[in-house]
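Q: Got a minute to walk through this one with me? I'd like to go over the packing, the pockets and a few odd backbone spots.

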Amino acid sequence: MEIVRFLLENTWVVGFCLVPLITVIGWLIWGKLDDKQIEKRDAYNEVLRGRGITAPAVVVSARHTVSRSPNGRKEMRIDYEVDVQPEGRVPFRQSFQHWTAQRNYATVLGQLVGEAGRKIWVTYDPNDPSQMIFEHYDEEHSKIIEQRDLDIRRREFNKQNEGSNELKKNGLQAEAVITRVDDLDLPYPLKQSRGMRLYFDVIPQNGEPFRSEGDALIAEIALEKYSAGTKVFVRYDPQNPERAVLDTERNKSLS
């Protein structure tokens, strides 16, 4: 009762305690909602890339309007006006908003210094050009396109390797001689490996030798181990003998 009476008589204490509490709760709720908005935005961008047109554009105007820090991430919004120059289509001018990581900048009359006249790349919905997103600056274009191509080829390679798992488990065992090795230019830096295509002369336990081929992810330190002329162990499907995979377990014994 004494505590209740004290709080009633000293309402400033209650207010002093509640303000930071409400602030923290509000920040947490706002942060979570903003996270959901960011996830929704990213998902929308991927959908737009799937149906949209990616084209170069020249910045006419770039204004920094607002900043935010959801859950520690600092972002700023830039309101762009650009002249879009799609290949084989009529150029047009369009405005759109772009959220990006907070960065150091200077403004003159509200305009970001150094943005006007800069060449960028955007993706837009051809049926509604107002649905537009910022992709990257022109000087980054070649590197980003190269990385996207690499990512696509890695996904295809990984899918192919996943489809080989059954063959690695249940394929017929055989010895083989590697006749050729093609570097697929698919580096996997985190695994210190490379995607390779190997060609074999397969020597089955029963029957005549035959030629086969297959892809493999090979550690860079083991590239010499799987060079042309090397004898290795493989597995193959007798119903589809032109495709073979390295027998990983048996090949561990090879020097």
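**Walking through the model**

A: Sure. Let's start with Asp-185, which sits in strand β8. Keep in mind that this is a predicted model.

Q: What's the phi of Asp-185?

A: About 55°, so a positive value, although Asp-185 is not a glycine. Most residues other than glycine have a negative phi.

Q: And is Asp-185 buried, exposed or partly exposed?

A: Partly exposed, because its relative accessibility is 47% and the exposed class needs over 50%.

Q: Where's Gln-192, and what's its phi?

A: Gln-192 is in the loop between β8 and β9. Its phi is positive as well, near 50°. With a relative accessible area of 58%, Gln-192 is exposed.

Q: Next topic, the core. Which residues touch the most other members of the largest nonpolar core?

A: Tyr-80, Val-82, Val-84, Phe-96, Ile-120, Val-122 and Met-132, out of 18 residues in that core. Strands β1 (53–68), β2 (75–84), β6 (119–125) and β7 (128–137) each put in at least two residues.

Q: What is Ile-120 in contact with, leaving aside its neighbours within four places in sequence?

A: Ile-120 is in contact with Ala-55, Pro-56, Ala-57 and Val-59, then Val-82 and Phe-96, and also Phe-134, His-136, Tyr-137 and Asp-138.

Q: What about the second core, which residues does it include?

A: That one is separate and has 17 residues, including Met-196, Val-234, Tyr-236 and Leu-246. As background, nonpolar side chains tend to be buried together in soluble globular proteins.

Q: OK, pockets. How much space lies in the largest one?

A: About 420 Å³. It is lined by 18 residues, and Arg-41, Asn-45, Gln-97, Met-132 and Ile-133 are the closest to its centre. Met-132 also came up among the core residues that touch the most other members.

Q: Which element gives the most to that lining?

A: Helix α2, with 7 residues. The elements giving two or more are α2 (11–51), β3 (92–101) and β7. By class, the lining has 7 charged, 6 nonpolar and 5 polar residues.

Q: And the volume of the second largest pocket? What lines it?

A: Its volume is about 300 Å³. There are 15 lining residues, with Leu-217, Ile-218, Tyr-226, Leu-246 and Thr-248 nearest the centre. Leu-246 is the residue I listed in the second core.

Q: Which elements supply at least two residues of that lining?

A: β10 (210–219), β12 (240–246) and α5 (248–251). β10 gives the most, 5 residues. The class split is 8 nonpolar, 3 polar and 4 charged.

Q: Switching to helix α3. How far apart are its end C-alpha atoms, and what should it span?

A: They are 31 Å apart. At 1.5 Å a residue, the 22 residues of α3 (141–162) should span 32 Å, so the two agree.

Q: Which residues of α3 are buried, and what do they pack against?

A: His-141, Leu-150, Arg-154, Phe-157 and Asn-161 are buried. The buried residues pack against β6, β7, α4 (165–170), β8 (172–188), β9 (193–203) and β10.

Q: Last one: where does Asn-206 lie, and is it buried or exposed?

A: Asn-206 is in the loop between β9 and β10, and at 70% relative accessibility it counts as exposed. Its C-alpha is 9.4 Å from that of Ala-174, with the two positions 32 residues apart along the chain counted as their separation.

Terms used
Residues are numbered from 1 along each chain as its sequence is written. This is a predicted model: local features need pLDDT of at least 70, side-chain atom pairs count only at pLDDT 80 or more; totals for chains, interfaces and linings use all residues. Side-chain values use heavy atoms; hydrogens and water are left out. A nonpolar core is a set of buried Ala, Val, Leu, Ile, Met, Phe, Trp, Tyr and Cys residues joined through side-chain atoms within 4.5 Å. Buried means under 20% relative accessible area, exposed over 50%, partly exposed in between (1.4 Å probe, protein chains only). Helices (H or I, at least four residues) and strands (E, at least two) are DSSP runs, numbered from the N terminus. Contact means heavy atoms within 4.5 Å. On a 1 Å grid over the protein atoms alone, a cavity is a set of points where a 1.4 Å probe fits but cannot get out, and a pocket is an open set with protein on both sides within 12 Å along at least five of seven lines; lining residues have an atom within 4 Å of a point. Grid points are joined across faces, edges and corners, and a volume is the space filled by probe spheres set on the points. Ala, Val, Leu, Ile, Met, Phe, Trp, Tyr, Cys and Pro count as nonpolar, Asp, Glu, Lys and Arg as charged, and the others, Gly among them, as polar. The expected span of a helix is 1.5 Å times one less than its number of residues.
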